[in-house]
Amino acid sequence: MTRLETCFETLRTQNRKAFVAFVTAGDPDLATSAKILEGLPGAGADIIELGMPFTDPMADGPSIQAASQRALAAGQSLAGTLDMVRAFRQTNDTVPIVLMGYYNPIYIYGAERFIADAVAAGVDGLIVVDLPPEEDAELCLPAMAGGLNFIRLATPTTDDKRLPEVLKNTSGFVYYVSITGITGSAAPQAQDVAANVARIQRHTDLPVCVGFGIRTPEQAKAMSEISDGAVVGSALVDVISAHLDGEGRAKTGLVESVLALASTLAKGVNKV
Amino acid sequence: MSNGTNSYRAGPDENGRFGLFGGRFVAETLMPLILDLEAAYEDAQKDPAFAAQLEDLQTHYVGRPSPLYFAERLTQHYGGAKIYLKRDELNHTGSHKINNCLGQILLAMRMKKTRIIAETGAGQHGVAVATVAARFGLPCTVFMGATDIERQKPNVFRMKLLGADVRAVTSGAGTLKDAMNEALRDWVTNVHDTFYIIGTVAGPHPYPAMVRDFQSIIGRETKQQMQAREGRLPDSLVACIGGGSNAMGLFHPFLDDPSVRIIGVEAGGHGLDTPEHAASLAGGVPGVLHGNRTYLLQDEDGQITEGHSISAGLDYPGIGPEHAYLRDTGRVEYVSATDTEALEAFQLITRLEGIIPALEPSHALAHVSKIAPELPAEHLLVMNMCGRGDKDVFAVAEHLNVEL
């Protein structure tokens, strides 16, 4: 079993839902970002989604765009992101890490080399926004063959006809995008999301987590009640940007504030 | 390209690939719509009513066919090849962009979409989109980099007069690439009612092929007009390239005519030996951006770098995937011209022919100035005059240190 499969198995036996926390690797700088990563499991993150910064994040809203730009300005590279995971695995061998980003940096790194290095570093899964099933030969199939989970996004526009195609080469879990839109935008409507999650569950036994537009513990609770977990990104990233000085450097208390919000969100997810 | 034939015109394949290039690298939210668009476009191609409506608009609204003009004084000046200009700058709205916008808005209406979005760099595409949106009464939002808004004020005002909502994009360097990112974000958000009119032969399949098809009228007319004028094919074609839509429109009907030498001119900015240029083929490597694989200006970590050109229409860090394919197969030669060379060509043709060109085709002319003197008098050269320079006179004045 992969770390992701073990994680969901454990959650199921404990009758809990997954809190998936997203941060961008290297935001606002490598050292601060590494501390956040290290602290997230203690704050209650069941799964960590680590953003691979890219200059042109087409599916992301202003918060995560800015996070990418801060990380790149601080010198973050794809190799640096893999190094962060490797360092994290020195002290934590259980919490799954899913890398999320766009294809070009991986393509330039070399897909085969990236898969091998990611596995060696202790990465568990990949979410690559601009690789739909039509482009599975690029990365999805070799990644799954190499032992990584490939987590696919399903969206409100993914209809029943298309869903089997989207689910065919998906593993680990399904990431249901709660809205048609970019990250950090409109809040999802629980009723619509519930219907779509149920629809996906009719097509697959994989866990379904919901993300996009979830900012508060209440929303996280509402979304995880109707699925297997909730993903929060922009709200955490906003705490980072709120704790930067005039030159964009981390102020004291940044890491603690991010982890405090993560902890509140984690409690929200499993609040009864 | 295989496709079972020896044709250079057979692409793309069913996956939207031109050899290695092209494809459909988009977020899942957009994927069903891209597939719908492909089906709707195939359907429209089979419908004689669609072609008839497009042709009627091209004739009576755009003013096609655009003339193929023998540039007598330019020819005398260089003392070599016989130079013809394909006058797409005479089109309604002042550039070739309208050819594609008409085709796409007719398609948008077939698909029952009620809102139009677009990206623009120099503003020529934005103006053409705002124009067709006004003509057909659809609301329209144009995304334009904040830097470009500053250097293309006349076109910004034109779009506003036409009723478009012009949104300034401040992310990145505030140029065409960033405008395209923002248009894609809007599209993902409003996918149910919105049609995205992409302005160049790039983006996810079927856009590169579809935009090419709508622009190919340039080359088809040129072929007929040259036959009528000279009784034969031209010997060479020259066109400027940002994303590459005017060039693809001129080139495509000639790709399988091996006697025709075809040359695309990229924006060399301050020179290819500096980081300040927009020559994706000369200075880039294959990568994936904005829905397709193509040559991109990028660093060793796969981060996209900003293109630079005096022309806001050419400073895109990528190029249409079919151009990438035509470069790798060797069918088309790709060269570049610098800002300075384009500026010189701009002034020369203005004085010699009484035609003020846009800065984009001034790059093509700059290359013509390099090759025409060495070619024999019977050599027939066609340069695509894809846009007029009204929008650029302020920028040119600034570069020439003239206060208006």
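Start by selecting Cys240 of chain B, whose bridge partner in β10(B) is Val265(B); keep in mind throughout the tour that this is a predicted model. Extend the selection to the two strands concerned, residues 236–241 of chain B for β9 and residues 261–269 of chain B for β10, and you will find them paired in the parallel sense over 6 bridges.

**The sheet in chain B**

Now select the surrounding strands, which together form an open sheet of 6 strands in the order β3-β4-β14-β9-β10-β13 (chain B), with mixed pairing. At its edges stand β3 (68–70) and β13 (333–338) of chain B, each of which pairs on one side only, and from one strand to the next the twist averages 30°.

Two helices are worth adding to this view. Helix α14 of chain B, residues 339–353, lies across β10 and β13 of chain B and runs at about 80° to β13(B). Helix α15 of chain B, residues 359–371, lies across β4 (82–86), β9, β10, β13 and β14 (380–384) of chain B, and its direction makes an angle of about 140° with β9(B).

**The two domains of chain B**

Colour chain B next by its domain assignment, which gives domain 1 as 17–58 + 97–211 and domain 2 as 64–94 + 216–399. The C-alpha centres of these two domains of chain B lie 22 Å apart, and across the boundary 39 residues of domain 1 are in contact with 39 residues of domain 2.

To see the domain 1 side of that boundary in chain B, select the elements that each supply at least two of its residues, namely β2, α4 (97–110), α5 (124–136), α6 (146–151), α7 (153–161), α8 and α9 (207–215). The largest share of this side, 5 residues, comes from β2(B), and by class the side of domain 1 that touches domain 2 in chain B has 18 nonpolar, 16 polar and 5 charged residues.

**Where chain B touches chain A**

Show both chains and select their contact, to which chain B gives 27 residues and chain A gives 34 residues. On the side of chain B that touches chain A, at least two residues each are supplied by β2 (21–25), α1 (31–46), α8 (176–189) and β11 (285–289) of chain B. Here the largest share, 6 residues, belongs to α8(B), while the residues of this side of chain B divide into 12 nonpolar, 10 polar and 5 charged.

**Strand β8 of chain A**

Finally, move to chain A and select residues 208–211, which make up strand β8; Val208(A) and Val210(A) point one way from this strand, Cys209(A) and Gly211(A) point the other way, and all are buried. The pattern is an expected one, because in a regular strand the side chains alternate between the two faces of the sheet.

Then bring in strand β7 of chain A, residues 174–177, which pairs with β8(A) in the parallel sense over 4 bridges; within this pairing, Val174(A) has Val208(A) as its bridge partner. Following the chain from β7(A) to β8(A) takes you through helix α9 of chain A, residues 190–203, in a β-α-β crossover that is right-handed.

With β8(A) still selected, add strand β9 of chain A, residues 229–232, which runs parallel to β8(A) and is joined to it by 2 bridges; opposite Cys209(A) in β9(A) stands Gly229(A). The tour ends with helix α10 of chain A, residues 217–225, which makes a right-handed β-α-β unit with β8(A) and β9(A).

How values were computed:
Residues are numbered from 1 along each chain as its sequence is written. Chains are lettered from A and ligands numbered from 1 in the order in which they are written. This is a predicted model: local features need pLDDT of at least 70, side-chain atom pairs count only at pLDDT 80 or more; totals for chains, interfaces and linings use all residues. Two residues are in contact if their C-beta atoms, placed from the backbone, lie within 7 Å. Ala, Val, Leu, Ile, Met, Phe, Trp, Tyr, Cys and Pro count as nonpolar, Asp, Glu, Lys and Arg as charged, and the others, Gly among them, as polar. Two strands pair if DSSP finds at least two bridges between them. Axes are lines fitted to C-alpha atoms, for helices over the stretch in contact, and angles run from 0 to 180 degrees between N-to-C directions. Domain bounds come from an automatic or database domain assignment. A residue is buried if 20 or more other C-beta atoms lie within 10 Å of its own, exposed if 12 or fewer, and partly exposed in between; C-beta atoms are placed from the backbone. A crossover is right-handed if, with the strands pointing away from the viewer, the path from the first strand over the helix to the second runs clockwise.
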